[in-house]
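Hi,

Here is the structure I promised to pass on. Open it in your viewer and keep it beside this email while you read.

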Amino acid sequence: MTNKRNNPSLDIVGIGNAIVDVLTTTDDYLLEKLSFKKGSMTLIDENKAKELYEMTTNRIQRSGGSVANSLACIAQLGGKAAFIGRVRNDKLGKIFTEEISTTGTIFKTPPSSIGPSTARCLIFVTPDAQRTMCTYLGASVLLEPKDIDLSAIMEAKILYLEGYLWDNPAAKNAFIKAAEIAKNAGRKVALSLSDSFCVSRHRESFIKLVEDHIDILFANEDEITTLYKTSLNASLEKLKKKCDLAAVTIGEKGSILISNGKEINIDPFILGKAVDTTGAGDLYAGGFLKGLADGLNPELSAKIGSICAGQIVTQLGSRSNTDLLKLINSHLGI
């Protein structure tokens, strides 16, 4: 009889916000009229979410949320991925469940029959490829320790956690419980810092989380400098002492890989004109984690992530219209 602790049946299991992304193209005038700063992320209430939803006509609706996007990418690359997150038993909850399932990602968290409606993120994309996000977190933040599928965590090579969930105490407890279970099963634990404002709200506890539980960290330049309250170079030096493996994305300049105390620059892959930056960091993490799950070295895994990110910015939305495996093979020969 095989021991599942030694032979994981899943590559990645992720815990995050279950959000329906509602993408729409617009112009700067509408953003000014609504008083939203271009490129920002604003938390909104349910009434505002309904109002903005009714305003959008040319909408693309997809399962979203940072970790969910990464897992959909992993599934598209042929990986076995499972997602843990909370939706309500409503129309948008059904859209989320059906859409994430079509990517090949396993999603079995039971929907909530009471409380707030399914989370959604209204994403206004302007002609300069900037995305301005208005997010209603709804049911997604009500994830509790009892919602965690323990068997999925023990059966996955890597547990991937989303920093956005740190805002909710119950979800935070679920996170720590999941990380401890993964560690006890001999698995790796990865974290995305998600957002610089989220980092600033929970800076001390994030630092402790990274030191105590995290093997693989994903962040962008703003998030890592917010975490350590210093310059990028000084933040990278601190990170080298706290985390075995980390990837810090630096926009169009690519990313910086920290691996066993060494710093490696990873060039970006420019695969066309940038149309929409939604999901670039999510697909970078997805490609990177799939590489690691396949036993590839961190540098090659980071290059896979960079290709996935480079492709996704050339189209609208965070589900690739291109065969990512073929694209990776054509650039890296794997």
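Let's start with strand E3 and strand E8 (residues 131-136): they pair in the parallel sense, over 3 bridges. If you want a spot to zoom in on, find Leu43, which stands opposite Thr135 in E8. One thing to keep in mind as you look around: this is a predicted model.

Those two strands belong to an open sheet of 5 strands, in the order E3-E8-E7-E2-E4, and its pairing is mixed. Which strands stand at the edges? They are E3 (41-43) and E4 (60-64); each has a single partner strand, so one side of each is left without a neighbour in the sheet. Going from one strand to the next, the twist averages 20 degrees.

Two helices lie across this sheet. Helix H2 (residues 46-55) touches strand E2 (19-25), E4, strand E7 (119-125) and E8, and runs at about 45 degrees to E7. Helix H4 (residues 91-102) lies across E2, E4 and E7, and its angle to E4 is about 75 degrees.

Now for the other sheet. Here 9 strands form an open sheet with mixed pairing, and the order is E6-E5-E1-E9-E10-E11-E12-E13-E14. Strand E6 (106-107) and strand E14 (262-266) are at the edges with a single partner strand each, so one side of each has no neighbour in the sheet. Inside the sheet, strand E1 (residues 10-15) pairs with strand E5 (residues 81-84) in the parallel sense, over 4 bridges. Ile15 has Ile84 in E5 as its bridge partner. Helix H10 (residues 232-242) packs on this sheet, where it touches strand E11 (216-220), strand E12 (245-249), strand E13 (255-259) and E14. The direction of H10 makes about 25 degrees with that of E13.

Next, some helices that pack on each other. Two packed helices are described by the angle between their axes and the distance between the axes.

Take helix H11 (residues 280-293) and H12: their axes come within 7 Å and cross at roughly 145 degrees. The crossing is right-handed. On the H11 side, the residues that meet H12 are Ala280, Leu283, Tyr284, Gly287, Phe288, Gly291 and Leu292. Their counterparts in H12 include Pro298, Ser301, Ala302 and Ile304. What kinds of residues make up the contact of H11 with H12? They divide into 11 nonpolar and 5 polar, with no charged ones.

H12 (residues 298-312) also meets helix H13 (residues 324-332): the axes of this pair come within 10 Å and cross at roughly 125 degrees. That angle makes H12 oblique to H13. H12 passes H13 in a right-handed crossing. From H12, the contact uses Leu300, Lys303, Ile304, Ile307, Cys308 and Gln311, while H13 brings Leu324, Leu327, Ile328, His331 and Leu332. The residues of this contact divide into 8 nonpolar, 2 polar and 1 charged. Look out for Ile304 and Cys308 of H12, since they turn up in the contact with H11 and in the contact with H13.

Finally, zoom out to the whole chain. How many helices and strands are there? The protein chain has 13 helices and 14 strands. Its C-alpha atoms fill a box of roughly 50 × 45 × 40 Å along the principal axes. With 334 residues, a compact globule would have a radius of gyration near 20 Å, and the 19 Å of this chain agrees with that.

Have fun with it!

Technical notes
Residues are numbered from 1 along each chain as its sequence is written. This is a predicted model: local features need pLDDT of at least 70, side-chain atom pairs count only at pLDDT 80 or more; totals for chains, interfaces and linings use all residues. Side-chain values use heavy atoms; hydrogens and water are left out. Two strands pair if DSSP finds at least two bridges between them. Contact means heavy atoms within 4.5 Å. Axes are lines fitted to C-alpha atoms, for helices over the stretch in contact, and angles run from 0 to 180 degrees between N-to-C directions. Angles under 35 degrees count as roughly parallel, over 145 as roughly antiparallel, 65 to 115 as roughly perpendicular and the rest as oblique. A crossing is left-handed if the near helix is turned anticlockwise from the far one by less than a right angle, and right-handed if clockwise. Ala, Val, Leu, Ile, Met, Phe, Trp, Tyr, Cys and Pro count as nonpolar, Asp, Glu, Lys and Arg as charged, and the others, Gly among them, as polar. The radius of gyration is taken over C-alpha atoms; the globule rule is 2.2 Å times the number of residues to the power 0.38.
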